[in-house]
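Work through these exercises with the model open beside you. Try each task before reading its solution.

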Amino acid sequence: MAPPPSLRQRALQLLARREYSRAELARKLQAYCDDADQINALLDDLAARHWQSDRRYAEAYVHSKQQRHGNLRLKQALAARGIDADTINAMLPDADTQCRQAAAVLRKKFGQPPADTPARLKQMRFLAYRGFDHDTIQAALRLAWTTDKHDTPD
């Protein structure tokens, strides 16, 4: 019978599958080791070798979610995963990109402009739930229904 994998092997197996934030990886490794100093030393070594990077994790996360979610929701999700505020702010899309993405989300979900005030409020609540801020929502409502329907975000 083979011996159980070491803590380093477990960390590398996890990182081979996908990117993890430092906090997520530490949480996963705590199930196999009670010594926080040993886990921190391993995570420091992995970061020094660039095998684990919070910046790379944040970039991959934002890239995968930015077509559907706004900056507020992305910021909250990354903070919950232990990413620092400077890294989060560096990875988030700019206001113009956010507006185009919100307009695309509106066109995909609703397909037509709101017929009345309750329909407009419904669309606004939908975008707010997705994490778009008020200014972006207002701009997206104007942009979504005044531009060509085939205009998609980059």
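## Salt bridges and helix packing

R49 is partly exposed, with a relative accessible area of 44%. Keep in mind that this is a predicted model.

**Exercise 1.** Which residues do shared salt-bridge partners join into one network with R49?

*Solution.*
- Step 1: start at R49. The side chain of R49 meets that of D45 in a salt bridge, at 3.1 Å from N to O.
- Step 2: move on from D45. D45 also forms a salt bridge with R8, at 2.4 Å from N to O.
- Step 3: place this second pair. D45 sits in helix α3 (residues 36–48) and R8 in helix α1 (residues 7–17), so the bridge ties together parts 37 residues apart in sequence.
- Step 4: join the pairs. R8, D45 and R49 belong to one network through shared partners.

**Exercise 2.** Are D45 and R8 buried, partly exposed or exposed?

*Solution.*
- Step 1: recall the cut-offs. Buried means under 20% relative accessible area, and exposed means over 50%.
- Step 2: take D45. Its relative accessibility is 22%, so D45 counts as partly exposed.
- Step 3: take R8. Its relative accessible area is 32%, so R8 is partly exposed.

**Exercise 3.** Which parts of the chain does the salt bridge between R22 and D44 tie together?

*Solution.*
- Step 1: check the pair. The side chains of R22 and D44 meet at 2.7 Å, N to O.
- Step 2: locate both ends. R22 lies in helix α2 (residues 22–29) and D44 in helix α3, so the bridge links parts 22 residues apart in sequence.
- Step 3: add the accessibility. R22 is partly exposed at 24%, and D44 is partly exposed at 43%.
- Step 4: set the pair in context. A search of the whole structure finds seven salt bridges.

**Exercise 4.** How do the axes of α1 and α3 cross?

*Solution.*
- Step 1: read the geometry. The axes come within 11 Å and cross at roughly 50 degrees.
- Step 2: classify the angle. This crossing makes α1 oblique to α3.
- Step 3: give the hand. The crossing of α1 and α3 is right-handed.
- Step 4: list the contact. L7, R8, A11, L12 and L15 of α1 meet Q38, I39, L42, D45 and L46 of α3.
- Step 5: sort these residues. Seven are nonpolar, one is polar and two are charged.

**Exercise 5.** Which helices do the buried residues of α2 pack against?

*Solution.*
- Step 1: name the buried residues. In α2 they are E24, L25, A26 and L29.
- Step 2: find their partners. The buried residues of α2 pack against α1, α3 and α4 (54–65).

Note on methods: Residues are numbered from 1 along each chain as its sequence is written. This is a predicted model: local features need pLDDT of at least 70, side-chain atom pairs count only at pLDDT 80 or more; totals for chains, interfaces and linings use all residues. Side-chain values use heavy atoms; hydrogens and water are left out. A salt bridge is a side-chain nitrogen of Lys or Arg within 4 Å of a carboxyl oxygen of Asp or Glu. Helices (H or I, at least four residues) and strands (E, at least two) are DSSP runs, numbered from the N terminus. Buried means under 20% relative accessible area, exposed over 50%, partly exposed in between (1.4 Å probe, protein chains only). Contact means heavy atoms within 4.5 Å. Axes are lines fitted to C-alpha atoms, for helices over the stretch in contact, and angles run from 0 to 180 degrees between N-to-C directions. Angles under 35 degrees count as roughly parallel, over 145 as roughly antiparallel, 65 to 115 as roughly perpendicular and the rest as oblique. A crossing is left-handed if the near helix is turned anticlockwise from the far one by less than a right angle, and right-handed if clockwise. Ala, Val, Leu, Ile, Met, Phe, Trp, Tyr, Cys and Pro count as nonpolar, Asp, Glu, Lys and Arg as charged, and the others, Gly among them, as polar.
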